[in-house]
Amino acid sequence: MNTFSNVKNATLYTLDCSFYSSVQYNTKSPESVTLIFHEKPSQQLPERLFLMPEGTEYDYRAFIFTLSHEIETCCIKESNHMCYLINAVTTDIPDQRKNFRVYTTFQAPILLEGRTKEIYVTVKDIGTGGFQFISKHKFEPGTNLSTVFSSGIRTPACITACIQKQRPVRQKGVYGYGCQFINLPQSTEALIRNFVFQTELLQAKAKKEREEALTK
C-alpha cells in the first residue's frame, strides 16, 4: 500500500484533551492507521492519543489510538521532504460497533450524584453501552449521574450512568464526556436499543437519499 495515497488530515489530542499536533494519516484497516508527521516529534510521544479526523461530522468524535514505539523516516519524492511515520491501533472503533452506537443531538437534564440542581447537556451519541454528551460545564470523571432520555424514545427512559472520561471536541469552550450506563434495567435497555436501531435505519435511509440525489 502506498502510504501517501488516500491521506487524510486529523488533529491529535492528549488524554486530558489538550491539543498535541496536527497530523495526516492513512487508514490501513478499520482498527489501524499510519500517522504521518511532517516534522520530527520534538518530545517523547505519549503511549496513547485521541485522533479526531478532519470534518464537521467529527467535531464531537475522536478515537483513542495506541502508538507504536518505532518511528520510520520516509522521503516524499515529489518534494524531497522528510516525514515521520508511526503506526497506531485503536479499540474504540470495534467497541463502538460492538455496542451499536449512533450519532444524534438532543437535550437532556442530568443530576450529578450528591447535587440537587439539574444541568441540561447535549447528547451527541448514544449506544447500548452508554452515551456521550457535551456541555459548557466541566465535570469530573468517575462521577455518577442520573438523567431522563425522552427525545425520540417511545417511553421516557430513566438512566443512571458514570462519567468515564473527558473526550475532546472541536468547539472552543465546550467539553465532551463519555458515560457508561450503570445497572440498566432490561426494559430500559430494550427502549434504548430500539431507539438506536430506528435512528440508525433513518440515518442510513437519509444518507442513501443524499447519495442518490447527487447522482441525478
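# Notebook: aromatic rings, loops and overall make-up

I began with two phenylalanines, F131 and F133, and found both of them buried. I note here that the model is a predicted one.

**Entry 1: aromatic pairs.** I counted the aromatic pairs and arrived at 9. I then looked up the pair of Y13 and F19: the ring centres are 6.4 Å apart and the planes meet at 85 degrees, so I entered the pair as edge-to-face. The angle is over 60 degrees, which is the cut-off that this label requires. I also checked the cover of each partner. Y13 has a relative accessible area of 11% and is therefore buried, whereas F19, with 53%, is exposed.

I turned next to F131 and F133, which also form an aromatic pair. Their centres lie 6.3 Å apart with 35 degrees between the planes, and I recorded the pair as tilted. I asked which cluster holds F131 and F133. I found one aromatic cluster formed by F106, F131, F133, F139, F149, Y177, F181 and F195.

**Entry 2: a charge over a ring.** I looked up what sits over the ring of Y103. It is the charged end of R61, 3.8 Å from the ring centre.

**Entry 3: the loop between β1 and β2.** I examined two residues here, T14 and C17. T14 lies in the loop that joins β1 (8-13) to β2 (19-29). Its relative accessibility is 19%, and because buried means under 20%, T14 counts as buried. Leaving aside residues up to four places away in sequence, I found T14 in touch with Y20, L49 and F50.

C17 is placed in the loop between β1 and β2 as well. I noted its phi near 75 degrees, a positive value in a residue other than glycine. I wrote down why this deserved an entry: most residues other than glycine have a negative phi. C17 has 15% relative accessibility and so counts as buried.

**Entry 4: the loop between β13 and α2.** I found another positive phi at N183, near 45 degrees, again in a residue other than glycine. N183 is placed in the loop between β13 and α2 (186-215). Is N183 buried or exposed? At 75% relative accessibility, I entered it as exposed.

**Entry 5: the loop between β12 and β13.** I located K172 in the loop between β12 (157-167) and β13 (175-181). With a relative accessible area of 83%, K172 is exposed. I also took its separation from H38: the two are 134 residues apart in sequence, and their C-alpha atoms are 26 Å apart in space.

**Entry 6: the chain as a whole.** I counted 2 helices and 13 strands. Taken along the principal axes, the C-alpha atoms fill a box of roughly 60 × 50 × 30 Å. Of the 216 residues, 42% count as buried. I looked up the sequence range of the contacts: among those between residues at least 6 apart in sequence, 53% join residues at least 24 apart.

For the surface, I recorded an exposed area of about 12900 Å², of which carbon and sulfur atoms supply 48%. I closed with the charges: the chain has 25 positive and 21 negative side chains, and the centres of the two sets lie 4 Å apart.

Conventions
Residues numbered from 1 in each chain as written. Predicted model: local features only at pLDDT ≥ 70, side-chain atom pairs only at ≥ 80, totals over all residues. Heavy atoms only, no water. Helix = DSSP H or I, 4+ residues; strand = E, 2+ residues; numbered from the N terminus. Buried < 20%, exposed > 50% of the residue type's maximum accessible area, 1.4 Å probe, protein only. Contact = heavy atoms within 4.5 Å. Areas by Shrake-Rupley, 256 points an atom, 1.4 Å probe, with all protein chains shown as cover. Lys, Arg positive; Asp, Glu negative; His and termini not counted. Charge placed at Lys NZ, Arg CZ, Asp CG, Glu CD. Phe/Tyr/Trp six-rings, centres within 6.5 Å; stacked < 30°, edge-to-face > 60°. Lys NZ or Arg CZ within 6 Å of the ring centre and 35° of its normal.
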